[in-house]
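Morning, everyone. I'd like to walk you through one structure today. Please have a look at it first.

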Amino acid sequence: MLNNVKVVLVGTSHSGNIGSAARAMKVMGLTNMVLVDPQCEVDDQAVALAAGASDIALNAQVFATLEEAVSDCALVVGSSARSRTLDWPMLEPRECGEKCVQEGREANVAIVFGRERTGLTNDELQTCHYHVCIPANPEYSSLNLAMAVQTISYEIRVAHLEQEKLGYPEAEVPDYPRHKELEMLYQHLEKVMIDTQFISEDQPNKVMNKLRRLFSRARPEQQEINILRGILTAVEKSTQR
């Protein structure tokens, strides 16, 4: 199951952080590192700070965008401080670990970490189903990238060991769509809303952001996504007539 967990680092600017994150992952049994638009190479400093986990850093997959990196994932969780401007479904680290283990039994899941100084953009955060916030000391909440990776990786391992102790009992995991299928729904929905003049082609984002949040809360299953796509297609045919 742990092989289905992707640790995604977005826009990392210091190679040492890639190495330190690889070390944090390997200690917890995670091996699947993904780099999105890295601003540095996996160099000698990364290998040195990996301290025996350089194989994870050197074998990391590299993508240009976050959407490409998580296209095959059924669950995407972004690491973020709580935001007043982007009200999104939140998980505590313990909940995040449990959810990753539950859904990681059947499909790829991703934990996404942002840039060292600025974190994830709003658009990147909206790519995620949930956000996870590490409840650090509010008077000094300065977690570096490797610390954040270590904390969430630990919670995933704890949840995995608990399930392993129980023999990974049978559990019905819903058939959730992969990220690329959700994106296709959003594109289809936006097109229909523009065609029917429900939203303006010039400013679609305000409504679409709210709809993304709605679907992130609801977590529709694959069959439900298919029904929604069918409804949208019927609307298109009707308006064309």
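I'll take the sheet, then one residue, then the cavities.

Keep in mind that this is a predicted model.

Start with the sheet. It is open and has 7 strands. Read across, the order is β3-β2-β1-β6-β4-β7-β5. The pairing is parallel. In general, strands of a sheet pair through backbone hydrogen bonds. Which strands sit at the edges? They are β3, residues 61–63, and β5, residues 90–91. Each of these pairs on one side only.

Look at the β3 edge. β3 pairs with β2, residues 32–36, over 3 bridges. Val 36 has Phe 63 in β3 as its bridge partner. Helix α1, residues 15–27, packs on the sheet here and touches β1 and β2. The direction of α1 makes about 155° with that of β2.

Now helix α7, residues 145–165. α7 lies across β1, β6 and β7. It runs at about 150° to β6.

Next, one residue in β2: Asn 32. Is Asn 32 buried or exposed? The relative accessible area of Asn 32 is 18%, and the cut-off for buried is under 20%, so Asn 32 counts as buried. Beyond its neighbours within four places in sequence, its contacts include Val 5, Met 25 and Gln 61.

Last, the cavities. How many of 30 Å³ or more does the search find? There are 2. The largest has a volume of about 50 Å³. Helix α8 gives the largest share of its lining, 4 residues. Among the lining residues are His 179, Glu 183 and Arg 212. By type, the lining divides into 3 nonpolar, 5 polar and 2 charged residues.

Key. Residues numbered from 1 in each chain as written. Predicted model: local features only at pLDDT ≥ 70, side-chain atom pairs only at ≥ 80, totals over all residues. Heavy atoms only, no water. Pairing = 2+ DSSP bridges. Helix = DSSP H or I, 4+ residues; strand = E, 2+ residues; numbered from the N terminus. Contact = heavy atoms within 4.5 Å. Axes fitted to C-alpha atoms, helices over the stretch in contact; angles between N-to-C directions. Buried < 20%, exposed > 50% of the residue type's maximum accessible area, 1.4 Å probe, protein only. 1 Å grid on protein atoms, 1.4 Å probe; cavity = no way out; pocket = protein on both sides within 12 Å on 5 of 7 lines; lining within 4 Å. Points joined across faces, edges and corners; volume = space filled by probe spheres on them. Nonpolar A, V, L, I, M, F, W, Y, C, P; charged D, E, K, R; others polar.
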